Amino acid sequence: MKKIRLEFRNVTKRFPAQRKGGEPTIAVERLNFALADGEVVSIIGPSGCGKSTLLNMGSGLDPASLGEVFVDGEKVVKPNEHVAFMLQKDLLLPWRSIRENVEFGLEIRGVPSREREAISLRLLKRCRLVDFVDHYPHQLSGGMRQRAALARTLAVDPAVLLLDEPFSALDAQTKMILQQDLGQMLGETGKTALFVTHDLVEAIALSDRVLVMSQRPGRIVKELIIDIPDRPNPMERRKSEKIGPYVAELMSLLHIDEAIV
Ligand SMILES: Nc1ncnc2c1ncn2[C@@H]1O[C@H](COP(=O)(O)OP(=O)(O)O)[C@@H](O)[C@H]1O
Ligand SMILES: [Mg+2]
């Protein structure tokens with residue numbers, strides 16, 4: 001049995017009413033699931049079902065109302081260095097070069113400058129940004145900025161990566177390239193990742209498992225185990241004849257086909 005890296009145990013999140021006399025919002029309810037070391041799991045669900053809320057609780061940015069989240073067996077109570085977050089917006093600091101952005105988290109941790117440089121250059125090379133290390137974020141395309149954000153996320157060597165629709169603002173082809181970069185890097189590093197996306201094929205191509213959530217209050221209604229070989233190679237996996245049936249199953253679980261009359 002592989003070690004459990006991330007676990008949600010009976011997690012409910014309830015937001016207080018926004019105005020006096022209003023109803024509280026139960027964003028997610030009684031979530032129970034765990035990710036083993038090195039597993040990549042995607043979450044799919046309708047807008048507003050609590051996917052971002054779930055990742056926020058995983059990162060320690062927002063506490064659960066009931067239940068607990070554990071990383072490596074330790075209860076998550078605040079943001080911590082074992083968990084890194086990547087969002088749709090790259091959040092690169094505009095006044096720092098790409099290299100300085102990748103080194104930012106290491107700087108905060110007091111990593112000496114030569115070590116920082118070695119780490120950032122290795123990762124930027126890996127993200128095919130070696131010719132842009134001294135550029136500033138505004139000088140890069142959206143896809144390049146997200147690759148820099150991925151390098152920054154990996155620089156601190158987190159145990160768990162949380163990714164909240166990181167590629168949803170990119171065009172379809174750039175997105176496939178970024179998926180390939182992410183898939184390969186997750187394979188090479190053996191990192192554990194929880195990935196939120198609306199893109200069904202993206203979820204299937206990148207993951208070991210896909211969890212499907214219901215409408216709010218979000219609950220996990222289905223787990224699909226993706227039985228396609230070569231997980232670190234999402235581009236090849238996309239071409240698999242097994243993709244179609246998985247997409248069909250997700251469409252049906254999300255009632256997408258029923259919306260068309
Ligand atoms: N800070 C907050 N205060 C009050 N309600 C919130 C807050 N954050 C999210 N919500 C509500 O919780 C629900 C789930 O939101 P969210 O996790 O962002 O959904 P998703 O990412 O699945 O689209 C929504 O109804 C949203 O309005
Ligand atoms: Mg969201």
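**Exercise 1. In what handedness of crossing does α3 pass α4?**

Before solving, a few conventions. This is a predicted model in which local features need pLDDT of at least 70 and side-chain atom pairs count only at pLDDT 80 or more, while totals for chains, interfaces and linings use all residues. Residues are numbered from 1 along each chain as its sequence is written, chains are lettered from A and ligands numbered from 1 in the order in which they are written, and side-chain values use heavy atoms, with hydrogens and water left out.

Solution.

Step 1. Helices are DSSP runs of H or I with at least four residues, strands are runs of E with at least two, and both are numbered from the N terminus. Here α3 spans 113–126 and α4 spans 142–155.

Step 2. The crossing of α3 past α4 is right-handed. A crossing is right-handed if the near helix is turned clockwise from the far one by less than a right angle, and left-handed if anticlockwise.

Step 3. Now the geometry: the α3 and α4 axes come within 9 Å and cross at roughly 140°. That makes α3 oblique to α4. Axes are lines fitted to C-alpha atoms, for helices over the stretch in contact, and angles run from 0 to 180 degrees between N-to-C directions. Angles under 35 degrees count as roughly parallel, over 145 as roughly antiparallel, 65 to 115 as roughly perpendicular, and the rest as oblique.

Step 4. On the α3 side, the contact (heavy atoms within 4.5 Å) is made by I119, L123 and L124, and on the α4 side by A151, L154 and A155.

**Exercise 2. Describe how α2 packs against α3 and α4.**

Solution.

Step 1. Start with the buried residues of α2, namely I98, N101, V102, E103, G105 and L106. Buried means under 20% relative accessible area, exposed over 50%, and partly exposed in between, with a 1.4 Å probe and protein chains only. These residues pack against α3 and α4.

Step 2. Take α4 as partner: the axes of α2 and α4 are 8 Å apart, at an angle of about 25°. The two helices are therefore roughly parallel to each other, and α2 passes α4 in a right-handed crossing. I98, N101, V102 and L106 of α2 meet A148, A151, R152 and A155 of α4.

Step 3. Take α3 as partner: its axis and that of α2 come within 9 Å and cross at roughly 130°. That makes α2 oblique to α3. This crossing is right-handed.

Step 4. Just after α2, look for G110, which takes a positive phi of about 75°.

**Exercise 3. Locate the largest nonpolar core relative to the domains.**

Solution.

Step 1. The chain is divided into domain 1 (4–82 + 159–259) and domain 2 (92–157); these bounds come from an automatic or database domain assignment. Their C-alpha centres lie 25 Å apart, and 14 residues of domain 1 are in contact with 13 residues of domain 2.

Step 2. A nonpolar core is a set of buried Ala, Val, Leu, Ile, Met, Phe, Trp, Tyr and Cys residues joined through side-chain atoms within 4.5 Å. The largest one has 33 residues, of which L123, L124, L129, L163, F167 and L182 touch the most other members.

Step 3. Among the elements that supply at least two residues each are α2, α3 and α4. The biggest contribution is from α4, with seven residues.

Step 4. Both domains give residues to this core, so it lies between them.

Step 5. Zoom in on F167: leaving aside neighbours within four places in sequence, F167 is in contact with M86, K175, L178, Q179, L182, F195 and E202. A second, separate core of 24 residues includes I43, L55, L194 and M213.

**Exercise 4. Which backbone features can you find in the loops around D157, E165 and P217?**

Solution.

Step 1. In the loop between α4 and β7 sits D157, whose phi is positive, about 50°, although D157 is not a glycine. D157 counts as exposed, at 55% relative accessibility.

Step 2. In the loop between β7 and α5 sits E165, with a positive phi near 45°. E165 counts as buried, at 17% relative accessibility.

Step 3. P217 lies in the loop between β9 and β10, and a cis peptide bond with omega about -5° joins R216 to P217.
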